[in-house]
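Work through the following exercises with the sequence and the model in view. Try each task before reading its solution.

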Amino acid sequence: MRIEDVYIWDINAKWLGINPYQLMENAGAGVARVIEERFGRDLRVAVFSGTGNNGGDGFVAARHLSFENDVTLFLVGDEAKIRSEEARHNWEILKGLNFVKIKVLKDSAYIKSLDLGCYDVIVDALLGAGTKGEPREPIRSAIEKINEYAGKAKIVSVDLPSGYPSNVRVKADFAVTFQWDKEEYEGFERVIVKIGYPRELYHLVGPGDAKFALRKKGEHKGQNGKLLVIGGSEDYFGAPYLTSKAAGYLVDLVYLAMPEYSAKRITDPDVILRPVEGRNFTGEHLGEVLKLAEKADAVVIGPGIGLAEETKKFVREFIKRCERPMVIDADGLKAVAEDLSVLEGKTFVLTPHAGEFKVLFGEKPEGSLEEKAKLVMEKAGQIDGVVLLKGAYDIISNGRVWKYNRTGNRGMTTGGTGDVLAGLVGALLALGNGPLRAASVGAFLNGLAGDMLKEELGENFTALELAKKVPVAVKRVLEF
Ligand SMILES: NC(=O)C1=CN([C@@H]2O[C@H](COP(=O)(O)OP(=O)(O)OC[C@H]3O[C@@H](n4cnc5c(N)ncnc54)[C@H](O)[C@@H]3O)[C@@H](O)[C@H]2O)[C@H](O)CC1
Ligand SMILES: [K+]
């Protein structure tokens, strides 16, 4: 688990109804419990809190410790800067207590002259996962002051030693970190306390994942993703259009390569058409379409592309030569099913429904969510890529972990929602997300748009309406 997962889990926990106050209470209580387990009671404790949630954990720990210990809380910084509701809530409680002494150290002048010689334990709740760069004043002076007592007082850091990973960091005896160890942490002992996360959070895709996936990379045109959609045939033009329309809400530029025979049916200015000669894709189009892919950040291939032998060969040849992350969807999956080796060394997401999964891997996913997830994980591992199995609960795996998405409703069975999904996954790849996150968040947004449509129209809506609902779903996520 990485530090970034902390924020994703917190948002997803909130989405499950676990509020940040509970997490902070459990975090602070955990710190207090470990301190008393390790050092006993009747301690003289100095808690140093910053103005972020790391400090908030310190407020909670100070309150819990005050029950059987002598506690002084040093707020380092301006109390007006205490940011989150849950930290402020715990600060206000502390200010109302006589049995916790509070000293506000607004700037480093007050810190340099501090004498901490009388304390048995010093709690470092200055900086945590929200640290950016070298510690700035007055936090920096507080870190240096605490370090004067390393080896004399016991020093316990909340979540991580403040200042980590810079060299100006608290010399803690250990850190009490939350729920799980983080792969970025090293060089200090960690004691892990759980703060109430359910197992669900390992697997459930939520607004936390989506918020991270939707971060815009740059301000200039084209920096926020360019997607190439390859699809359409003499029989279908709607599918690749839906894919392109949906993607257009997330990335700057969408190019749609399709046979000119059906391309003339597309008049939407949001989609940049790149028609190819004839009625279906064939090997003769390979060179020009690979060139188009070079100018894109990601590719979706398959929607409405048809099952002509020549076309399936084109699809396999294209995949073999394409150097961009790809979504392979719909008829493209059937082309790939005939020779999975074309996927070797590629970055890709396959987006089968149960029937296409069977065509690809020879067995239909059956049984409980976990049983299906294990099968998806096994197959994704075999082809070393990401498989998004669409269903009432979408299941996503990269062969090592598995996620599931539970947004969406029966209205999504209408034709074309898979095309919309492929567009969202492709767009998220083009925004720079890895295939697991792109597939997971694509499924989440697709279903969320469907749920928002259902609120308005009931369960009868078209895929084009679904595509047009994407920006509202994105807005809902960013406001969460
Ligand atoms: N799920 C969990 O693990 C939980 C963790 N909790 C605690 O929350 C902190 C993260 O809180 P956050 O507010 O995001 O950030 P910090 O408190 O770490 O710091 C932000 C604070 O500090 C200022 N700041 C940032 N960088 C610097 C710097 N280099 N120098 C000086 N000041 C800096 C910034 O302006 C903010 O004011 C996590 O570590 C846990 O302790 C939750 O309480 C419970 C769930
Ligand atoms: K800390």
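**Exercise 1. Locate Pro 165 and describe the peptide bond before it.**

Solution. Pro 165 sits in the loop between strand E5 (154-158) and strand E6 (174-178). Helices (H or I, at least four residues) and strands (E, at least two) are DSSP runs, numbered from the N terminus. The bond from Tyr 164 to Pro 165 is cis, with omega near 5°.

Two remarks on the source apply throughout. The model is predicted: local features need pLDDT of at least 70, side-chain atom pairs count only at pLDDT 80 or more, and totals for chains, interfaces and linings use all residues. Residues are numbered from 1 along each chain as its sequence is written, while chains are lettered from A and ligands numbered from 1 in the order in which they are written.

**Exercise 2. Find the cis peptide bond at Pro 138 and place it in the chain.**

Solution. Step one: the bond joins Glu 137 and Pro 138, and omega is about -5°. Step two: Pro 138 belongs to the loop between strand E4 (121-125) and helix H6 (139-147).

**Exercise 3. Is Asp 159 buried or exposed, and what is the sign of its phi?**

Solution. Start with the background: most residues other than glycine have a negative phi, and most peptide bonds are trans. Asp 159 is not a glycine, yet has a positive phi of about 70°. Asp 159 is in the loop between E5 and E6. Next, count neighbours. A residue is buried if 20 or more other C-beta atoms lie within 10 Å of its own, exposed if 12 or fewer, and partly exposed in between, with C-beta atoms placed from the backbone. Asp 159 has 27 other C-beta atoms within 10 Å, so Asp 159 is buried.

**Exercise 4. Carry out the steps of the previous exercise for Asp 384.**

Solution. Asp 384 has a positive phi of about 50° although it is not a glycine. Asp 384 lies in the loop between helix H15 (369-383) and strand E14 (386-389). Asp 384 has 14 C-beta neighbours inside 10 Å and therefore counts as partly exposed.

**Exercise 5. In what order do the strands of the sheet that contains E14 stand, and which are at the edges?**

Solution. Two strands pair if DSSP finds at least two bridges between them. The open sheet has 9 strands in the order E10-E9-E8-E11-E12-E13-E14-E15-E16, with mixed pairing. E10 and strand E16 (402-405) are at the edges; each has a single partner strand, so one side of each is left without a neighbour in the sheet. As one pairing in this sheet, strand E13 (residues 348-350) and E14 run parallel and are joined by 2 bridges. There, Leu 350 is opposite Val 387 in E14.

**Exercise 6. Describe the surroundings of strand E9 (residues 253-259).**

Solution. First, burial: 6 of the 7 residues of E9 are buried, so E9 is largely enclosed by the rest of the structure. Second, one partner: strand E8 (residues 226-230) runs parallel to E9, with 5 bridges. Leu 228 stands opposite Tyr 255 in this pair. Third, the other partner: E9 and strand E10 (residues 272-276) run parallel and are also joined by 5 bridges, and Met 258 is opposite Pro 275 in E10.
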